[in-house]
Every structure is written in C-alpha cells, then in structure tokens.
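Please look at the structure shown below and work through the questions that follow it. Each answer reasons step by step and closes on what was asked for.

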Amino acid sequence: MKAIDVTDDRLVWCEQPEPGEPEAGDVTIDVAWAGMNRADLMQRAGGYPPPAGASAILGLEVSGHIRSVADDVTHLRPGDPVCALLTGGGYAERVRVPAAQVLPVPEGLTLQQAAGLPEVFATAWLNLYHEAALAPGERILLHAGASGVGSAVIQLAHAMGNPVFATVGSDTKIETCRSLGADAGWNRHNGSFVDAVRDWGGADMVLDPVGGNYIQQDQQVLNRNGRIVLIGLMGGRYADVDLGVMLMKRQRLIGSTLRSQPVTVKGDIMDALLENVWPRLTDGTIHPLIDRTFPIDDAESAMTYLQSNESQGKVLLQVR
C-alpha cells in the first residue's frame, strides 16, 4: 500500500508495508479520508512519539469502508462505511484498528465529513465529561476555540448545557465560535483574557492546549473547585503555578492525552459519542466544521496550512 513517510523532513506519499490482517477484536479499513491534527505536527517534530506497538505513520482519525474483520467482530461487516479513532497510521491507504474504536458514519453525513469527527469529539468528550466531570450549567473557558477540537467542544458543550467562553486569534474566529454556540469570545491579540472572563462570570473548567504562561492566567479566572485540563503545549512546557491559589480555591490541574488511553477507555468514549453525539449529527444540531481539504500526496501543504493557525475547523486529506 501507499502511505505518508517523513523523508528528509518532507511528507512523501510512497510504498509502505501493509498493516496486516485483523487480529482478535480488530478490523481493517480502506481509507477514504484522513483527518489532520496538531498531534501530527508534534509527532513529525519529534515531540509526540507513538505509543509502543502503534503505527509510526501519522494520522489519528479516518473514514472509509470496512475491508475485513476478525472472526470475533460481529457488529461490522466488509463494505460498511465507517469512521475510526486511531493510535496512528491514518495517512495511508489502509489501517488496522480495534473495532471498539470504529463507529458507523452518521446518517446523512458523507465520508468526507465523517473523517473530521472521531479525534475531535472523542477529545472533547474525554476532557469535558470524564476528566473534568462537568455538571450541567458549569462554565468552560476554551482556548484555541476555532480549531477542530474547539469547534467540537463548543457544539458539544452547548448541546449539553455548558456555556463556553472561547479565546481565538482573530475577530473573525470569534464570530465563528459564536455561530457554533459559544456565549462569548476574546481575541488573544488584544492582551490578557483574564478581565473579560471574570466579567463573564469566571470558569468552572479551562480546556487548555497552550500551557506556558496561560496556566497562571487560567488560575486567575477559575471559580472555586475549578479544573484546568491541559491537552497541549503550544505555549511551552513550563509554567508558573500559584500553589496558594490552588490550595485556597481547591483548584485542580489535570494533564490529559487521548492517544495513550487503553482500548477499553477509547471504546467507552466511542460508545458515549454514539449515544450522545451521533443523533445530534443526524438531526443537524451538531455538524462537523471542515475548513479545507488536500489530496494525500500534498500533505506537506496541508500541514503547512494547519501550522499557520489560519484554519477554522478541520483540515482533511483525501486518500481515495
């Protein structure tokens, strides 16, 4: 098969070994579309290596058709249109993945749209309703609100009754976030978000893919018993933490990654998406936000675009 290889720091579409036949609990998928995520940028740069046993090929989500199934997999059949959450291997013509991480394409959606669902909505569900254990009405401060994950978080939170304040990089992106259901927004180029979020009423949870000097500002807007869930390090891996404020306000700082979670946890998340998100995708309450698509053999341009921070929503690669 063909897949993307990082050769001399370039993304090259070339012949690679097949993923092999499905083992117990697995399926193989003929990939139609692959979603691009910031984790792929980090892996390419050497900062986010795949877990032991995972494919070294980039790509954490795909859509396509089931190619083959293990004997013990009975709910999926060859030819079924599906999307899947991966631990790696998505920038390829074929992938092998545990069946627990595979969902049907929501009724009324295309394979293209479905490719932008698994990683972002699984990330949103894991961090909002598992790690932070949000209750209805609790308020979210979301950084990078117009990203793929951000667009999923806003829509999911809005549907579940959790108000969102989004920080973004432009006034246009604020309007995008509002159109998805965010209550308010802040352009980070206008300075610190602290006063604006406090005026909004503070946050019970912060979803932070930035880290660095954002952590101390996050602390300043957290209500009592607030939680900061750190999912990325775009602003750096070191931060000043006010332990006195953390202690007196009973704050929690939680580090969270989806990729390294065991299959059982990922399966539980996918089940939650099937129950809570897929019906809302079918009725149009929630929709995938696709920014731009690229052919797989131009993955280099796609990654350059994603790295520019200009995108609003998902960047996808067309494989077939």
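Q: Which residues of helix α11 (residues 299–307) are buried?
A: This is a predicted model, in which local features need pLDDT of at least 70 and side-chain atom pairs count only at pLDDT 80 or more, while totals for chains, interfaces and linings use all residues. Residues are numbered from 1 along each chain as its sequence is written, and side-chain values use heavy atoms, with hydrogens and water left out. Helices (H or I, at least four residues) and strands (E, at least two) are DSSP runs numbered from the N terminus, and buried means under 20% relative accessible area, exposed over 50% and partly exposed in between, with a 1.4 Å probe and protein chains only. On these terms the buried residues of α11 are Ala-299, Glu-300, Ala-302, Met-303, Tyr-305 and Leu-306.

Q: What covers the buried residues of α11?
A: Contact here means heavy atoms within 4.5 Å. The cover includes the helix α1 (38–44) and several strands, namely β1 (2–7), β2 (10–15), β3, β14 (290–295) and β15 (314–318).

Q: Why does Glu-300 count as buried or exposed, and which side chain is joined to that of Glu-300 by a polar contact of 3.0 Å?
A: Glu-300 is found in helix α11 and counts as buried because its relative accessibility is 13%. Leaving out residues up to four places away in sequence, Glu-300 touches Asp-9, Arg-10, Leu-11 and Arg-44. A polar contact is a pair of N or O atoms within 3.5 Å, where within protein one must be able to donate a hydrogen and the other to accept it, and where residues adjacent in sequence count only if both atoms are side-chain atoms. A polar atom of the Glu-300 side chain lies 2.9 Å from the backbone nitrogen of Leu-11, and the side chain joined to that of Glu-300 at 3.0 Å belongs to Arg-44.

Q: The backbone nitrogen of which residue lies 2.8 Å from a polar atom of the side chain of Asp-291?
A: Asp-291 lies in strand β14, and with 26% relative accessibility this residue counts as partly exposed. Not counting residues up to four places away in sequence, Asp-291 touches Tyr-305, Ser-311, Gln-312, Gly-313 and Lys-314. The backbone nitrogen at 2.8 Å from the Asp-291 side chain is that of Gln-312.

Q: Which side chain is joined to that of Asp-30 by a polar contact of 3.0 Å?
A: Asp-30 lies in strand β3 (residues 26–36) and, at 19% relative accessibility, counts as buried. Beyond its neighbours within four places in sequence, Asp-30 is in contact with residues including Ser-63, Glu-93 and Arg-320. The side chain that shares the 3.0 Å polar contact with Asp-30 is that of Arg-67.

Q: How do helix α3 (residues 118–131) and helix α4 (residues 148–160) lie to each other, and at what angle do they pack?
A: Axes are lines fitted to C-alpha atoms, for helices over the stretch in contact, and angles run from 0 to 180 degrees between N-to-C directions. Angles under 35 degrees count as roughly parallel, over 145 as roughly antiparallel, 65 to 115 as roughly perpendicular and the rest as oblique. The axes of α3 and α4 are 8 Å apart, and the two helices are oblique to each other, at an angle of about 55°.

Q: What is the angle between α3 and helix α9 (residues 263–276)?
A: The axes of α3 and α9 are 10 Å apart, and the helices pack at about 95°. That angle makes α3 roughly perpendicular to α9. The contact is made by Pro-118, Phe-121, Ala-122, Trp-125 and Leu-126 of α3 and by Ile-269, Met-270, Ala-272, Leu-273 and Asn-276 of α9, and the angle asked for is about 95°.

Q: What is the phi of Arg-250?
A: Most residues other than glycine have a negative phi. Arg-250 lies in the loop between α8 (243–248) and β13 (252–255), and at 47% relative accessibility counts as partly exposed. Although Arg-250 is not a glycine, its phi is positive, at about 55°.
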